[in-house]
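Here is a short tour for a computational chemist who has the model open in a viewer. We will go from the overall fold to the ligand, and then to a few ring contacts.

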Amino acid sequence: MQVNYNEASLKRVRKRMAIDTDRHDFMHYFLKQANKEQLPTETIEAQATVVILAGSETSSVAETAAVYHILTHPDVHKKLQEEIRSAFATIEDIKLQDVLYKLPYLDAVVQETLRIHTPLANGFTRWVPDRNGAMICGEHVPQGTVVTINHYCSNTSASNFRDPMSFIPDRWMGDATYADDKRDVVQPFSVGPRNCPGRQFALYNIKLTLAHLLWRFDLKLGEGTENWAVGQRIYNGWIQPALPVLMEKRA
Ligand code: HEM
């Protein structure tokens with residue numbers, strides 16, 4: 001199915017702007033500040049649309065890819081499920097702080113997903129502003145040159161990672177086999193003053209979603225999904241086919 005994300009996001013922004021509510025969602029704070037600064041409607045709509053675009057597709061790509069990688073690696077699935085189910089007696093006990101700090105293996109699974117299936121694979125461009133250019137990796141790059149780092153290539157390069165195309169959360173858990181991996185290379189949210197302002201929110205969202213899913217359901221991949229990750233095209237985001245998953249409420 002083809003979706004025009006810009007149009008779809010704009011529609012939602014307009015719908016929300018037309019509602020008078022005390023709900024303290026992000027639009028509440030957004031509109032409060034925009035009114036204070038007397039921003040024109042078009043500016044508010046454009047900014048809010050960017051947040052929806054930037055926040056939804058990226059997180060859903062990561063969550064879908066994480067489910068796929070977990071379910072195609074039974075050892076990972078078992079270990080993660082045990083960590084999550086033994087940490088919480090009831091689903092109501094799954095609190096954000098605990099999900100963030102008490103589940104090291106979940107953190108490793110998310111890191112590994114963001115390495116091998118990084119949502120914004122091509123990276124964003126920067127422009128060399130200095131009149132004298134810049135030295136980048138020992139090379140002189142003249143002013144005005146557009147530069148970028150392709151996240152997918154650096155995250156899956158054998159110069160940076162052992163078994164780069166394999167999904168191995170243990171490389172984030174201190175496994176000696178992967179001691180020489182250059183883990184700092186993985187920067188899915190970019191770095192510097194224009195890095196992703198939604199980073200923490202995205203990590204909360206992905207981890208909470210996975211913790212709830214794996215606590216509550218026994219999951220299995222649907223038929224014909226074994227090669228789901230093979231041959232996916234990347235423009236800036238990924239073109240992901242649907243991932244059917246069988247979900248059975250745990251006994
Ligand atoms: C896994 C999820 C996400 C990933 C991988 C991701 C990644 C990125 C990256 C790489 C950038 C570009 C930074 C740069 O130019 O250096 C960016 C920008 C941005 N992200 Fe995210 N993001 C995610 C989730 C979110 C969420 C949940 C939100 C908001 C709710 C969000 C809001 C934004 C916004 C508004 C920008 C533009 C910032 C600017 O131009 O200054 N992102 N994101």
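Helices (H or I, at least four residues) and strands (E, at least two) are taken here as DSSP runs, numbered from the N terminus. On that basis, the protein chain of this predicted model has 8 helices and 8 strands. Its C-alpha trace spans about 55 × 55 × 35 Å along the principal axes. Of the 251 residues in the protein chain, 35% count as buried.

**The ligand and its surroundings**

Where does the ligand sit? The space it takes is the largest pocket. There are 20 residues around the ligand, and G55, R126, S190, R194 and C196 come nearest. Three of these offer polar side-chain atoms to oxygen atoms of the ligand, and the table gives the distances.

| Residue | Side-chain atom | Ligand atom | Distance |
|---|---|---|---|
| R126 | N or O | oxygen | 2.5 Å |
| S190 | polar atom | oxygen | 2.7 Å |
| R194 | polar atom | oxygen | 2.7 Å |

Which helix gives the most to the shell around the ligand? That is helix 3, with 5 residues. Helix 3 and helix 8 (199-216) each supply at least two residues of this shell.

**Aromatic pairs**

If you like ring geometry, there is something to look at here: a search of the whole structure finds 3 aromatic pairs. One of them joins F26 and F30, whose ring centres are 5.8 Å apart and whose planes meet at 85 degrees, so the pair is edge-to-face. The cut-off behind that label is over 60 degrees between the planes. Both F26 and F30 belong to helix 2 (residues 26-36), where they are 4 residues apart, about one turn of the helix. Are these two rings buried or exposed? Something in between: F26 is partly exposed, with a relative accessible area of 38%, and F30 is also counted as partly exposed, at 24% relative accessibility.

Another pair is formed by Y68 and W228, and this one is tilted, with 5.0 Å centre to centre and 40 degrees between the planes. Y68 lies in helix 3 (residues 41-71), while W228 is in the loop between strand 5 (217-221) and strand 6 (233-234), so the pair ties together parts that are 160 residues apart in sequence. Helix 3 therefore appears twice in this tour, as the home of Y68 and as the element that gives the most to the ligand shell. Y68 is buried, with a relative accessible area of 7%, and W228 is buried too, at 5%. The cut-off for buried is under 20% relative accessible area.

**Charges over rings**

Two arginines are worth a click as well. The charged end of R115 sits over the ring of F161, 5.0 Å from the ring centre. For R250, the charged end sits over the ring of W215, at 4.3 Å from the centre.

**A look at helix 1**

To finish, turn to L10, which lies in helix 1 (residues 5-17). L10 counts as partly exposed, at 24% relative accessibility. In sequence, L10 and A48 are 38 residues apart, and in space their C-alpha atoms are 8.1 Å apart.

Conventions. Residues are numbered from 1 along each chain as its sequence is written. This is a predicted model: local features need pLDDT of at least 70, side-chain atom pairs count only at pLDDT 80 or more; totals for chains, interfaces and linings use all residues. Side-chain values use heavy atoms; hydrogens and water are left out. Rings of Phe, Tyr and Trp (its six-membered ring) pair if their centres lie within 6.5 Å; planes under 30 degrees apart count as stacked, over 60 as edge-to-face and the rest as tilted. Buried means under 20% relative accessible area, exposed over 50%, partly exposed in between (1.4 Å probe, protein chains only). A charge sits over a ring if NZ of Lys or CZ of Arg is within 6 Å of the ring centre and within 35 degrees of the ring normal. A residue is near a molecule or strand if one of its heavy atoms lies within 4 Å of it. A polar contact is a pair of N or O atoms within 3.5 Å; within protein, one must be able to donate a hydrogen and the other to accept it, and residues adjacent in sequence count only if both atoms are side-chain atoms. On a 1 Å grid over the protein atoms alone, a cavity is a set of points where a 1.4 Å probe fits but cannot get out, and a pocket is an open set with protein on both sides within 12 Å along at least five of seven lines; lining residues have an atom within 4 Å of a point. A molecule sits in a cavity or pocket if more than half of its atoms lie within 2 Å of its grid points.
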